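Work through the exercises below with the sequence and the model at hand. Attempt each task before reading its solution.

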Amino acid sequence: MFVDEAKIYVKGGDGGNGCIAFRREKYVPRGGPSGGDGGHGGSIYLEANINDNTLLRYRYNREFKADRGRHGEGSNCTGHSGQDMILRVPVGTLVFEEPGGATIADLATPGQRVLIAHGGRGGRGNQHFAKPWHQAPREHEDGFPGEERHLRLELKLLADVGLVGFPNAGKSTLISVISAARPKIANYPFTTLEPNLGVVNADGGTGGHGTELGRTFVVADLPGLIEGAHLGAGLGIRFLRHVERTRLLVHLIDTSDSNDDDPVHSFEVINGELEAFSASLVEKPMIVVATKLDATTDTTRLEALRNYCKKHKLEFHSVSAVAGEGVKELVRSMADALDKIPRPAHDPTLDLPVGPIDPSAVATNKAEDS
Ligand SMILES: Nc1nc2c(ncn2[C@@H]2O[C@H](COP(=O)(O)OP(=O)(O)OP(=O)(O)O)[C@@H](O)[C@H]2O)c(=O)[nH]1
Ligand SMILES: [Mg+2]
């Protein structure tokens, strides 16, 4: 199941209380205060994990509390600190504060880690309150509470190219021939219910042993759009957030004999839906692709679309994913187009300071995987 939104509650561990104690030992009269400090509470971090691609694990499990620090003890013993907790999220997860919705972090690079809930500091024991004129202090500090927060996690897949179009346009078939992705392909609308990602190599090599790796980019195959999707028709437009971060849209239109819709009208309908989701989507560079060339004997619709694109200065391709015709050229054009479009700059204000991490917590977390 693909889950791209989750709400969680996190709470750093409370600090342990400081202790009141006095040194009591034979032959040591008035041994002085010896109350140890409380341990610090564990903190909670989010970490972008390359092996996750959904927020599913936060669907049922929403509350996370880090360990508290242990209380201080006599003989100046400091309490143990609570273990830090690391929550793994897919790369591309945005973190928002609830309520208010302020953006806290954008976990866009694999392995990136941000601190989302500080553990509370441990309280000081009575040893810290001794003064020359106050040698038997009975004061101590309680531990400080851990930070608590309600957060909303939102996954926006990180892909370079987004495939959009009507259902059955051939989006999944295209991604299956240009990448290793193997989405379900079938001759009925809404075969694809959730986005699929595929890595495409533009310059030939497969990346296998002994082959040259050329330019590579990530393509996202999206569920089909229909007229009125922004009003909830079909699968709606919610999943379009996954193309918000792409740099290039590839718009597929079936101009084969089996589809007698006016391709120019289809093109405009889909563009209208993209615009209804966000104006930024229609401003993205776009390549228009007429699909199923092998099944096209009547080329009037194909030519009408070609002319329309020429008039509107849109790059146009016609391909057959099944027969392989034009696919290589299309892939190369995608790579060429991407070369010209700069990657969006990373927003440095979203880089939260990452505090020291309890190494034992990291070790435990890794051990869980193996
Ligand atoms: N002849 C021919 N058929 C194709 C070609 N590409 C796709 N098809 C067929 O068109 C149908 C729909 O293909 P999909 O790739 O599932 O279409 P889609 O755009 O992913 O559809 P949704 O997931 O429903 O949005 C399937 O029956 C494919 O076999 C092509 O190049 N030539
Ligand atoms: Mg599909």
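**Exercises on ligand 1 and the magnesium ion**

An oxygen atom of ligand 1 lies 2.5 Å from a side-chain N or O atom of T173. The model is predicted: local features need pLDDT of at least 70, side-chain atom pairs count only at pLDDT 80 or more, and totals for chains, interfaces and linings use all residues. Residues are numbered from 1 along each chain as its sequence is written, and side-chain values use heavy atoms, without hydrogens and water.

**Exercise 1.** Determine which backbone atoms lie by an oxygen atom of ligand 1, and how much of ligand 1 the protein covers.

*Solution.* Step one: a backbone N or O atom of T191 is 2.8 Å from an oxygen atom of ligand 1. Step two: for A186, the corresponding backbone distance is 3.4 Å. Step three: of the 650 Å² of accessible area that ligand 1 has on its own, the protein covers 88% (Shrake-Rupley method, 1.4 Å probe).

**Exercise 2.** Identify the residues that coordinate the magnesium ion (ligand 2), and state whether they are buried or exposed.

*Solution.* Step one: the donors (N, O and S atoms within 2.8 Å of the metal, or 3.2 Å for Na, K and Ca) are OG of S172 and OG1 of T192, at 1.9 to 2.0 Å. Step two: S172 belongs to helix 2 (residues 171-178), whereas T192 is in the loop between helix 2 and strand 10 (196-201), 20 residues apart (helices are DSSP runs of H or I, at least four residues; strands are runs of E, at least two). Step three: both S172 and T192 are buried, that is, under 20% relative accessible area, where exposed means over 50% and partly exposed in between (1.4 Å probe, protein chains only).

How values were computed
Chains are lettered from A and ligands numbered from 1 in the order in which they are written. A polar contact is a pair of N or O atoms within 3.5 Å; within protein, one must be able to donate a hydrogen and the other to accept it, and residues adjacent in sequence count only if both atoms are side-chain atoms.
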